[in-house]
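Trainee: Could you take me through one spot in this model, a buried serine or something like it, and then show me how its surroundings fit into the rest of the chain?

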Amino acid sequence: MVVGRNQPCPCGSGKKYKKCCGAPRAANIQQTLPARSTAQAPKDPPSPAAGVADLMLRGYSSQTAGNLGEAERLYRAALSLNSNNFDALHMLGVICLQKGDAEEAVRLLMAAFPMLPAEYPAFFRNLGLCLGAVAKKRKLVGAAAEDEPGDAYLDFSREGSLAALPDRPPRVSVVMPCFNCTQHADEAIKSVAEQDYSNVELIVVDDGSQDDSVETISRALSHVHFSSQVARRDHRGIHAALNEGIAMARGRFIGVLGAADRFAAGRIEKMVRMLVGHGARWGVSNVGFIDQASRQIVYGERPSVDTIMRSYDSFYASHAVSENFPDHDDALTTGNLFFERTLWQDIGGFPPYRHYPGWAFSLSAILLAEPAYLDEPAYLYRIPHDGVLDATRHACERERAVIRTRWEHHLKSLREVPNLIFVDASDKRRKREMSLMASGVGHLLDRRRMLSYAAEMGFGRVLQG
């Protein structure tokens, strides 16, 4: 049930556990032992720290010898001296799992989690085993037949399978928020002008730019053949610019476009045909990547882009397109969103987030309607310079944590979720991942998901951030 000292280390190093992740914990305990003379006993009693170290070493010896009762007594004695000792809580949790008390084991491991060392993969393997055992006891583990994705949910659209356009194509309003976008705005507008869709309008909302963006936009719009307008306003953020532009829109469908990005050829027509054909209220496409010079980025050039590209593989192992949105933004960028204007009204607009208003919008949308997915890179996302990414990384992570936590609380408050496809897919995923944890490979799951399952089962709340 737990990693044996002579088994391969679960971190994948190829070493035995006792020589890898298992070694530092015992070694650290050993190094804190006080020096003892063989000639005489120490004059002063050992310090509490020394007492904890001695108890831990003796407890570990008893545990490896199979004397679980004595090991439990010693670990609990160590906790009486230091209730925040990670090793004591972790090893005591392992003993409870070995003795068949998985629920107590989870409680102990969750108590140890705030003190978790940066790299200690055995902890999550043990936590997964404990959660899996609890799931089995509570009959939360799914049957093998439920692990297979349903074909009805994986009917992704490709160009050859798209429905025909209606005789009277619905109007599409492209809304492009802009803030200091002189460098690429004309290219973004040109990508709309080159679309082969006739019933389109373009609304550009300048969010208080301090450069020559408005002049650049006006020049670019003077060459377009369709309805267009520019709205200027004080700087209030992308969410406010989007909401203002959509409020001005007259189209049935809204296509968002980032001012640094581009629509791929044929995007608007394909998105309309996909949504109309599926009867869907919103959807996203796969994404292509371009650099600051508008050159296409291919797999293998930038590790950060490679990671994003690999994330789209999760679609093909899903029961529904909506299934993965709670973990990460499968639209990738707000500009990839394409939706009915009535959906925006039902949601109440884009919420006031600086970095991820689109993801927050999508999380609300998946509860109302299942998205359609165009399996083509129909949106071209311009990757910022690495320096820009580094400068905003921590702020982005904090905002993602806030969005996710608020959405989870909102989900729990709902009596029912209208999108039954999302409900069914989420239930299947939960059972599938419970089975993974019960089989000993739960550490391969996203750690936040594992902690979410612990909270869902009543073992404390997920930490913020």
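Mentor: Happy to. Let's begin at S322, which sits in the loop between helix 11 (303-311) and strand 7. Helices (H or I, at least four residues) and strands (E, at least two) are DSSP runs, numbered from the N terminus. Before going further, keep in mind that this is a predicted model, so local features need pLDDT of at least 70 and side-chain atom pairs count only at pLDDT 80 or more, whereas totals for chains, interfaces and linings use all residues. Residues are numbered from 1 along each chain as its sequence is written, and side-chain values use heavy atoms, with hydrogens and water left out.

Although S322 belongs to a loop, its relative accessibility is 0%, so it counts as buried. Buried means under 20% relative accessible area, exposed means over 50%, and partly exposed is in between (1.4 Å probe, protein chains only). Beyond its neighbours within four places in sequence, S322 is in contact with I366, E370, P371, N419 and F422. Contact here means heavy atoms within 4.5 Å.

From the loop, let's move on to the sheet. Strand 7 (338-340) and strand 4 (253-256) pair in the antiparallel sense over three bridges. Two strands pair if DSSP finds at least two bridges between them. I254 of strand 4 has F339 as its bridge partner in strand 7. Strand 4 also runs parallel to strand 1, and four bridges join the two; here V172 has F253 as its partner in strand 4. The side chains of strand 4 alternate: F253 and G255 point one way, I254 and V256 point the other way, and all are buried.

Stepping back, these strands belong to an open sheet of eight strands with mixed pairing, in the order 3-2-1-4-7-6-8-5. At its edges lie strand 3 (227-233) and strand 5 (262-263), each of which pairs on one side only. Strand 5 pairs with strand 8 (residues 372-382) in the antiparallel sense over two bridges, and R262 stands opposite L380 in strand 8. Helix 10 (residues 267-278) lies across seven strands by name: strand 1, strand 2, strand 4, strand 5, strand 6, strand 7 and strand 8. It runs at about 155° to strand 8; axes are lines fitted to C-alpha atoms, for helices over the stretch in contact, and angles run from 0 to 180 degrees between N-to-C directions.

Next comes a helix pair. The axes of helix 15 (residues 420-438) and helix 16 (residues 447-456) come within 12 Å and cross at roughly 100°. The two are therefore roughly perpendicular to each other; angles under 35 degrees count as roughly parallel, over 145 as roughly antiparallel, 65 to 115 as roughly perpendicular and the rest as oblique. On one side of their contact are R429, R430, E433, M434 and M437 in helix 15, and on the other R449, M450, Y453 and E456 in helix 16. By class, that contact has four nonpolar, no polar and five charged residues. Ala, Val, Leu, Ile, Met, Phe, Trp, Tyr, Cys and Pro count as nonpolar, Asp, Glu, Lys and Arg as charged, and the others, Gly among them, as polar.

M437 deserves its own look: like S322, it is buried, with a relative accessible area of 0%. Among the residues M437 touches, not counting those up to four places away in sequence, are G128, L129, G132, L445 and Y453. Its C-alpha lies 4.8 Å from that of G132, although the two are 305 residues apart in sequence.

That link has company across the chain: among contacts between residues at least 6 apart in sequence, 74% join residues at least 24 apart. In all there are 16 helices and eight strands, and buried residues make up 50% of the 465 residues.

How far can you lean on this? The chain averages a pLDDT of 84, and 83% of the residues score at least 70; pLDDT is the predictor's confidence in each residue, from 0 to 100. Two stretches stay under 50: residues 9-13, with 14 contacts beyond four places in sequence, and residues 24-46, with 13 such contacts.
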